Amino acid sequence: MKQRFIQFFKTAFLLSIVGLSYSSLAQVPAGHSVIEGRWNITITKRNVTTPAWLEVTHSGLKTLTGHFVGDGGSSRPISKVNFANNIISFSIPPQWENSEKDLMLEAELKDDKLMGSITTPLGEKFRILGVRAPKLWREKAPVWGTPISLFNGKNMDGWQTLGPDNQWVAVNGIMKSPRTGANIRTVHTFQDFKLHAEFRVPKESNSGLYLRGRYEIQVADSKGLEPAKDQLGAVYGFIAPLENAAKEAGEWQTYDIELVGRNITVILNGKTVIYKAEIPGITGGALDSNEGEAGPIMIQGDHGPVEYRNLVITPAK
């Protein structure tokens, strides 16, 4: 009889613990789930718009955290996101700005949109509009179309310069940016595709290939460095390569990239350094935050000298 009583007591105790656990889960503040997820943001700066991106997730029972990408720099963690009465706010330290002040964002969630303002570390305040980022799931594997050469080897036909300082030239089958200057983009836009690109960067130089004009694949002098989110082979700020497959500066190197929805595979110099990984959102320097739309291939020319050749894209049908 005593043994049965002890077993009954143990069972009752365990059930009470389970009940407390479920009770604790029920204490998660109501309404937090409506702000969670990924948001594509447009910042209105005087007469121009720039893109940004926000992800909000929960940590434990009561705390919201997140990540933010502005119109430059890389993805930054948010230690705490405040959300009450449909108002979201957070602050994060400066990244590249020469200031001691935080970046601050505050917006109202209304009709499943974020409307509010962002204050930069330099004290400038701008209006923002945020919409939910699309999932970009693909139900079927792509059927690839006909390869298209993006560079004819003779001139810059098919490319547009972004900015007044155009330093790009075509010489002997090579697309060259001999110095820091403007970025360029393709005239045509693409959705899902495979991209082959050959590039050469001198010592300590830096460039980038922006897929759909939104997701930067880093191009940099990275020989001998540890794999990182800001080195060759990375989706800048989001995904580090599995290994460093970089060659010496001044040597020709190759990228073979496949982008389907948000899923990306990157082969650098014959080695798979990213395999079917999800890109969470836009990277710093993106042309826009309209992730559901097709976009161009953009090449960064504002970070240093770089050369490209044999740029071939194969769109999905």
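The following legends describe close-up views of a predicted model.

Residues are numbered from 1 along each chain as its sequence is written, and side-chain values use heavy atoms, with hydrogens and water left out. Because the model is predicted, local features need pLDDT of at least 70 and side-chain atom pairs count only at pLDDT 80 or more, whereas totals for chains, interfaces and linings use all residues.

**Figure 1. A barrel closed by eight antiparallel strands.**
The strands follow the order β1-β2-β3-β4-β5-β6-β7-β8 around the barrel. On average, neighbouring strands of this sheet are turned by 30° against each other, direction ignored (axes are lines fitted to C-alpha atoms, and angles run from 0 to 180 degrees between N-to-C directions). Strands are DSSP runs of E with at least two residues, numbered from the N terminus, and two strands pair if DSSP finds at least two bridges between them. Within the barrel, strand β5 (residues 87-92) and strand β6 (residues 103-110) run antiparallel and are joined by six bridges. Ile92 has Leu103 of β6 opposite it.

**Figure 2. The salt bridge between Asp71 and Lys45.**
The two side chains meet at 2.5 Å, N to O. Asp71 belongs to the loop between β3 (63-69) and β4 (76-84) and Lys45 to strand β1 (residues 37-45), so the pair ties together parts that are 26 residues apart in sequence. Asp71 is partly exposed, its relative accessible area being 33% (buried means under 20% relative accessible area, exposed over 50%, and partly exposed in between, with a 1.4 Å probe and protein chains only). A salt bridge is a side-chain nitrogen of Lys or Arg within 4 Å of a carboxyl oxygen of Asp or Glu, and by this rule the count comes to 14. A network of salt bridges also links Arg38, Glu55 and Glu278.

**Figure 3. The surroundings of Asn40 in strand β1.**
Asn40 is buried, with a relative accessible area of 4%. Its side chain and that of Glu291 are joined by a polar contact of 3.2 Å. A polar contact is a pair of N or O atoms within 3.5 Å; within protein, one must be able to donate a hydrogen and the other to accept it, and residues adjacent in sequence count only if both atoms are side-chain atoms. Neighbours within four places in sequence left aside, the residues in contact with Asn40 (heavy atoms within 4.5 Å) include Ala52, Trp53, Leu129, Pro134 and Ser289.

**Figure 4. Strand β21 and its pairing partners, including β14.**
Seven of the 10 residues of β21 are buried, so this strand is largely enclosed by the rest of the structure. Seven bridges connect β14 and β21 in the antiparallel sense, and Phe193 faces Pro315 of β21. Strand β12 (residues 174-177) also pairs with β21, antiparallel, over three bridges; here Lys176 has Glu307 as its bridge partner. A further antiparallel partner of β21 is strand β9 (residues 148-149), joined to it by two bridges, with Ser149 opposite Val312.

**Figure 5. Two salt bridges between β21 and β14, Arg309 to Glu198 and Glu307 to Arg200.**
The closest N and O atoms of Arg309 and Glu198 are 2.8 Å apart. This pair links distant parts of the chain, Arg309 in strand β21 (residues 306-315) and Glu198 in strand β14 (residues 193-200), 111 residues apart. Arg309 is partly exposed at a relative accessible area of 26%, whereas Glu198 is buried at 13%. In the other pair, the side chains of Glu307 and Arg200 meet at 2.7 Å, N to O. Glu307 lies in β21 and Arg200 in β14, so the pair ties together parts 107 residues apart in sequence. Glu307 is buried, with a relative accessible area of 16%, and Arg200 is partly exposed, with 25%.

**Figure 6. The largest nonpolar core, of 45 residues.**
A nonpolar core is a set of buried Ala, Val, Leu, Ile, Met, Phe, Trp, Tyr and Cys residues joined through side-chain atoms within 4.5 Å. Met175, Leu211, Tyr255, Ile264 and Tyr308 touch the most other members. At least two residues of this core come from each of β14, β15 (206-211), β16 (215-220), β17 (253-260), β18 (263-268), β19 (271-278) and β21. Beyond its neighbours within four places in sequence, Met175 is in contact with residues including Phe151, Trp159, Ile184, Ile299 and Tyr308. Another core, of 23 residues, lies apart from the largest one, with Ile41, Ala52, Ala107 and Leu114 among its members.

Key:
Helices (H or I, at least four residues) and strands (E, at least two) are DSSP runs, numbered from the N terminus.
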